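Please open the model in a viewer and keep the selection panel at hand. The stops below are to be visited in order.

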Amino acid sequence: MKNLLMGLIFALSIALMTAIVFGTEYIATITGGIGLLFGVAVIALSRAVVNGDRTHANYATENKKDRDERLRTIRITLFVGLPCILIALIFKYLFLF
């Protein structure tokens, strides 16, 4: 819950800075792009796009502490990126900028 709140504050601050610097018409583009970058980071951290042999080798050498740390990083990255995407969707379709 703390990570989601941190992500919401991050997304709103990015939206505010974008509105001040570039104008309101770029809020959806910039926050959506940042959310997309966090989404790509989540995919890379979760190792979702590697083949089976490599996945087996990675999991075989990974201990519980490393796995828990990786999953924690994935969770934080996901909860920071999701509010950015939600803010982008809200500004794109509700406010029609």
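Begin with E69, which counts as partly exposed at 43% relative accessibility. This is a predicted model, and the values quoted on this tour are computed from it. Add R72 to the selection: its side chain meets that of E69 in a salt bridge, 3.6 Å from N to O. R72 is likewise partly exposed, with a relative accessible area of 43%. The two residues are 3 places apart in helix α4, so about one helical turn separates them.

**The other salt bridges**

The structure holds 4 salt bridges. Select E62, R67 and R70 together, since salt bridges that share partners join E62, R67 and R70 into one network. Within this group, E62 pairs with R67, and their closest N and O atoms lie 3.6 Å apart. Is E62 buried or exposed? E62 counts as buried, because its relative accessibility is 10% and the limit for buried is under 20%. Its partner R67 is partly exposed, with a relative accessible area of 30%.

Next, select K64 and D68, whose side chains form a salt bridge at 3.3 Å, N to O. Both residues belong to helix α4 and are 4 residues apart, about one turn of the helix. K64 is exposed, with a relative accessible area of 57%, whereas D68 is partly exposed at 38%.

**T77 and its contacts**

Display helix α4 as residues 64-94 and select T77, which lies in it. T77 is buried, its relative accessible area being 11%. Which residues does T77 contact, once its neighbours within four places in sequence are left aside? The contacts are F38, A41, V42 and L45.

Of these, select A41, which is placed in helix α2. A41 counts as partly exposed, at 28% relative accessibility. Then draw a distance from A41 to L78: the C-alpha atoms are 8.6 Å apart in space, while the residues are 37 apart in sequence.

**The nonpolar surface patch**

L78 leads to the next selection. Together with L82, I85, L86, L89 and Y93, L78 makes a nonpolar surface patch of about 550 Å². For one member of it, select I85, which lies in helix α4. I85 is partly exposed, with a relative accessible area of 33%. This value admits I85 to a patch, because patches are made of residues with over 30% relative accessible area.

**The nonpolar core**

For the last selection, move to the interior. In soluble globular proteins, nonpolar side chains tend to be buried together. Select A11, A15, I27, A28, C84, I87 and F91: these 7 residues form the largest nonpolar core. Helices α1 (2-21), α2 (27-46) and α4 each supply at least two residues of this core. Which helix gives the most to this core? Helix α4 does, with 3 residues.

To finish, centre the view on A15. Leaving aside neighbours within four places in sequence, A15 is in contact with I27, T31 and I87. Among these contacts, I27 and I87 are themselves members of the core.

Methods: Residues are numbered from 1 along each chain as its sequence is written. This is a predicted model: local features need pLDDT of at least 70, side-chain atom pairs count only at pLDDT 80 or more; totals for chains, interfaces and linings use all residues. Side-chain values use heavy atoms; hydrogens and water are left out. Buried means under 20% relative accessible area, exposed over 50%, partly exposed in between (1.4 Å probe, protein chains only). Contact means heavy atoms within 4.5 Å. Patches are made of residues with over 30% relative accessible area and no salt bridge: like charges are joined within 9 Å, nonpolar side chains (Val, Leu, Ile, Met, Phe, Trp, Tyr) within 5 Å. Accessible areas come from the Shrake-Rupley method with a 1.4 Å probe; for residues, only the protein chains shown count as cover. A nonpolar core is a set of buried Ala, Val, Leu, Ile, Met, Phe, Trp, Tyr and Cys residues joined through side-chain atoms within 4.5 Å.
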